[in-house]
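Open the model in your viewer and keep a selection box ready. The stops below say what to pick next and what is found there.

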Amino acid sequence: MDCSGVPDAAGWAAAHRDELDEALRLYGAIHVIGLAVAAAIELAAIRDALGRAPVAPVEPFAARADLGHGVWSPPEWGADREQCLHHEEAYGLGFPALLLLACLAPARSGGQLLLGDTRAALAALPRDLANRFRAEGWRLERTFRPHFGLPWATAFGTSDRAAVERACAERLIACDWQPDGVLHLSRRRSAVVTHPVTGDECWFNDVGFFSGWAVDAAERKLLVSAFGERGLPFDARFGDGRSLPETDYRAILNAYEMVLVRVPWRAGDLVLVDNLLTAHGREPYAGSWDVAVAPADPMPLADCRPTVPPAP
């Protein structure tokens, strides 16, 4: 969608709100060029003009900067590494239904936005694998270990262990403090949900993103050798707790590859992403890369007809 020459991005968004909503339901994502969005406050104004409520990140998996006005930087991720398709807060009891992304400054090279239709990805999975995830859901194991990833105090916004335990209980997360001070979390979530507006069945999870197989092979070997099979900072498993074979991990990546769309960023571009219908990621890049993200519209998991109930 080309909006070159539009002087008021928020005003344009308000005038085309119904059209954008319809396009999102149909396509799952919209790429708007020409609005010249240059700052976080402008992205927030577009969100507000669309009548969407801001959503703050909950238990982030990586550090991200608060840009103000309910707008955030993307999670920190090595520029030399691809961020494969995933969803915002797919491991929670609730999540933003909509993501607004604006390119404030594109990379010198690379850094394309990756998008994938979750309806098509589900259809592309081997039937037996999709049915197993439908029946069992998926399990996320998270281990907070000093010097490996985000500290638990940062992820939970508190250094009070009792407060963390209360938050975990409220979010249906099993919480285990180990003798060396390491915190291990485990939760089961549905891997397949139904979009509450379109009625489409969606492959909505971060199994591929958080799988232990997604870790660099040399790093994975070192971590497993030092801390054991369950010592990785993140690991996605079947809902019954059994580990995911590498062949199944590759099958998930293959399904994503079949639906993958690469979107080149230009300064000022705006992308709207339905967080259920479309997974997102990014290519490696060189140079600076500045994208702002405005998560919006809180959506309870319970409204999406999960195939299995959430559990610790």
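Begin with the lining of the largest pocket in this predicted model. Select strand E4 (83-86), strand E8 (138-144), helix H8 (207-210), helix H9 (217-227), helix H10 (246-259) and strand E14 (260-263); each of them supplies at least two residues of that lining. H10 gives the most, with four residues. The space in this pocket comes to about 1000 Å³. To find the middle of the pocket, pick Trp77, Arg81, Phe209, Ala214 and Val215, which are the closest to its centre among the 34 lining residues. Colour the lining by class and you get 21 nonpolar, five polar and eight charged residues.

Keep H10 selected and move to the largest nonpolar core. Which residues have the most contacts inside this core? They are Leu125, Phe133, Trp138, Trp203, Phe210 and Ile252, in a core of 32 residues. Helix H4 (118-124), helix H5 (127-136) and strand E13 (234-238) each supply at least two residues of the core, and so do E4, E8, H8 and H10. H10 gives the most here too, with six residues. In soluble globular proteins, nonpolar side chains tend to be buried together.

Now centre the view on Phe133. Beyond its neighbours within four places in sequence, Phe133 is in contact with Trp138, Ala191, Trp203, Val207, Arg237, Phe238, Leu244, Ile252 and Thr307. A second, separate core of 25 residues includes Ala13, Leu20, Leu24 and Ala40.

Two of these residues, Leu20 and Leu24, lead to helix H2 (residues 17-27). The buried residues of H2 are Leu20, Asp21, Ala23 and Leu24. Look down the helix axis: the buried residues of H2 fall within an arc of 165 degrees, so they line one face of the helix. Asp18, Glu22 and Leu26 are exposed on the other side. An α-helix has 3.6 residues a turn, so residues three or four places apart point the same way. To see what the buried residues of H2 pack against, add helix H1 (9-15), strand E1 (29-32), strand E5 (94-105) and strand E15 (270-274). After H2 comes Gly28, with a positive phi near 85 degrees.

Ala40 leads to helix H3 (residues 40-49). Select its buried residues: Ala40, Leu43, Ala44, Ile46 and Arg47. Around the axis they cover an arc of only 155 degrees, which puts them on the same side of H3. Their packing partners are H1, strand E2 (66-68), strand E3 (71-72), E5, E15 and strand E18 (290-300). H3 is followed by Gly51, and the phi of Gly51 is positive, near 75 degrees.

Next, look for enclosed space. How many cavities of 30 Å³ or more does a search of the whole structure find? The search finds one, and about 240 Å³ of space lies in it. Of the 22 residues that line this cavity, Pro74, Pro75, Gln83, His86 and His280 are the closest to its centre. E4, E5, strand E16 (278-282) and E18 each supply at least two lining residues. The largest share, three residues, comes from E16. Coloured by class, this lining divides into 13 nonpolar, five polar and four charged residues.

From E16, step back into the loop that joins E15 to E16 and select Leu276. Is Leu276 buried or exposed? Leu276 has a relative accessible area of 1%, so this residue is buried. Leaving aside neighbours within four places in sequence, the contacts of Leu276 are His87, Phe95, Ala97, Thr118, Val193, His195, Pro196, Cys202, Phe204 and Cys304. Draw a distance between the C-alpha atoms of Leu276 and Asp200: they are 76 residues apart along the chain and separated by 9.5 Å.

The last stop is another loop residue, Gly157, between helix H6 (152-156) and helix H7 (161-170). Gly157 counts as exposed because its relative accessibility is 66%, and the cut-off for exposed is over 50%. Draw a second distance, from the C-alpha atom of Gly157 to that of Glu59: the separation is 8.2 Å, with the two residues 98 apart along the chain.

Methods. Residues are numbered from 1 along each chain as its sequence is written. This is a predicted model: local features need pLDDT of at least 70, side-chain atom pairs count only at pLDDT 80 or more; totals for chains, interfaces and linings use all residues. Side-chain values use heavy atoms; hydrogens and water are left out. A nonpolar core is a set of buried Ala, Val, Leu, Ile, Met, Phe, Trp, Tyr and Cys residues joined through side-chain atoms within 4.5 Å. Buried means under 20% relative accessible area, exposed over 50%, partly exposed in between (1.4 Å probe, protein chains only). Contact means heavy atoms within 4.5 Å. On a 1 Å grid over the protein atoms alone, a cavity is a set of points where a 1.4 Å probe fits but cannot get out, and a pocket is an open set with protein on both sides within 12 Å along at least five of seven lines; lining residues have an atom within 4 Å of a point. Grid points are joined across faces, edges and corners, and a volume is the space filled by probe spheres set on the points. Ala, Val, Leu, Ile, Met, Phe, Trp, Tyr, Cys and Pro count as nonpolar, Asp, Glu, Lys and Arg as charged, and the others, Gly among them, as polar. The arc is that of the directions from the helix axis to the C-beta atoms.
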